[in-house]
Amino acid sequence: MSFLFPTTFMLHAAAALLARFSTPGRGRAVMAAAVAVQCAWFGLHVRRHGVLPVFTPVEALQCAGMVLGLLTLLAGPRTTAPTTVLRWAAIATTLMAGGAIILPAPHPCFDYNHVYLPAVAFHVFRRLALAAALFSSALFIAALRRNGAEDGEIGTGAILRHQGRNALLAALVLYLLSEDTGILWCLYGWADVWQWSPGFIISSAVLIYLMLALHLPGGSRRNGSSWYAVLGLLGGPLMLAAQLLKP
């Protein structure tokens, strides 16, 4: 399956270039091909090893990139800045696919946690939350680029900010589900639910930041709220860094 990673990288890079220099339709078609390759990798991994590929940093990048591509194709805006959202989402998936190539391949190691439901759910919800947060970042970046072209009571930038806020809220819910299943994992495995370890501190920092981005006053629909978009778009990179530091 080693050839699938470079293929994925090249297709996502091509989608980003087409979204910048060609029509959105072509970029979407190439991104769909990239996601199809990632889905094939996912299915082959499950068939060969019998476990979901969600545990290592390499698998985290590939899985989150696959879901981000699916979100962009299925939930991306069609009438409000579709090219900008597609381009920035494709840049993110390209960087993630490149990171999966650069990072050292993990040694094949399949233990009880790889089939233990709370442990599997913890990692699955983590990857889904990362994809949703990065999708929200693409929406917030598009909102910043449209900030100077507000039209009417609720302008284009305000609509994109509200969509980004909804995606970030979904990321927060998924991340909380990951934390809840992680608590069960700790309880059943070590008879404890909380320790002040580096991993727990990183998780707490991510949750606090997402809460901050969603609860500061001002509102996502107010025209010209650039600070809100900047605060929101940083949620995706922060969660990506956190998952690479502590997968």
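Which residues line the largest cavity? To find them, it helps to look at the whole chain before going inside. Keep in mind that this is a predicted model.

**The overall fold**

The protein chain has nine helices and zero strands. If you walk along the elements from the N terminus, you read α-α-α-α-α-α-α-α-α. The chain holds 247 residues, and 49% of them are buried.

**Inside: the cavity**

Now for the empty space. Rolling a probe the size of a water molecule over the atoms shows where such space is left. A search of the whole structure turns up one cavity of 30 Å³ or more. The largest cavity encloses about 40 Å³ of space.

Here is the reply to the opening question: the lining consists of Arg126, Tyr175, Gly199, Ile202, Ser203, Ala242, Gln243 and Lys246. By character, these lining residues divide into three nonpolar, three polar and two charged. Two helices, H7 (198-215) and H9 (235-245), each supply at least two residues of the lining. Helix H7 gives the most, with three residues.

**Outside: a nonpolar patch**

Let us move to the surface. Phe9, Met10, Ile101 and Ile102 form a nonpolar patch there, and together they have about 410 Å² of accessible area. Which helices each supply at least two residues of this patch? They are helix H1 (4-21) and helix H4 (82-102), so two stretches of the chain that are separate in the numbering both contribute to the patch.

Phe9 is a good residue to click on. You will find Phe9 in helix H1. Is Phe9 buried, partly exposed or exposed? Because its relative accessible area is 32%, Phe9 counts as partly exposed.

**A loop residue to compare**

Pro104 sits in the loop between H4 and helix H5 (117-145). Its relative accessibility is 67%, which is why Pro104 counts as exposed; the cut-off for that label is over 50%. Along the chain, Pro104 and Val58 are 46 residues apart, and their C-alpha atoms are separated by 8.0 Å.

The table sets the two residues with accessibility values side by side.

| Residue | Location | Relative accessible area | Class |
|---|---|---|---|
| Phe9 | helix H1 | 32% | partly exposed |
| Pro104 | loop between H4 and H5 | 67% | exposed |

**Looking back**

You have now visited a cavity with about 40 Å³ of space, a nonpolar patch on the surface and an exposed proline, Pro104. Try finding each of them in the structure above.

Key
Residues are numbered from 1 along each chain as its sequence is written. This is a predicted model: local features need pLDDT of at least 70, side-chain atom pairs count only at pLDDT 80 or more; totals for chains, interfaces and linings use all residues. Side-chain values use heavy atoms; hydrogens and water are left out. Patches are made of residues with over 30% relative accessible area and no salt bridge: like charges are joined within 9 Å, nonpolar side chains (Val, Leu, Ile, Met, Phe, Trp, Tyr) within 5 Å. Accessible areas come from the Shrake-Rupley method with a 1.4 Å probe; for residues, only the protein chains shown count as cover. A salt bridge is a side-chain nitrogen of Lys or Arg within 4 Å of a carboxyl oxygen of Asp or Glu. Helices (H or I, at least four residues) and strands (E, at least two) are DSSP runs, numbered from the N terminus. Buried means under 20% relative accessible area, exposed over 50%, partly exposed in between (1.4 Å probe, protein chains only). On a 1 Å grid over the protein atoms alone, a cavity is a set of points where a 1.4 Å probe fits but cannot get out, and a pocket is an open set with protein on both sides within 12 Å along at least five of seven lines; lining residues have an atom within 4 Å of a point. Grid points are joined across faces, edges and corners, and a volume is the space filled by probe spheres set on the points. Ala, Val, Leu, Ile, Met, Phe, Trp, Tyr, Cys and Pro count as nonpolar, Asp, Glu, Lys and Arg as charged, and the others, Gly among them, as polar.
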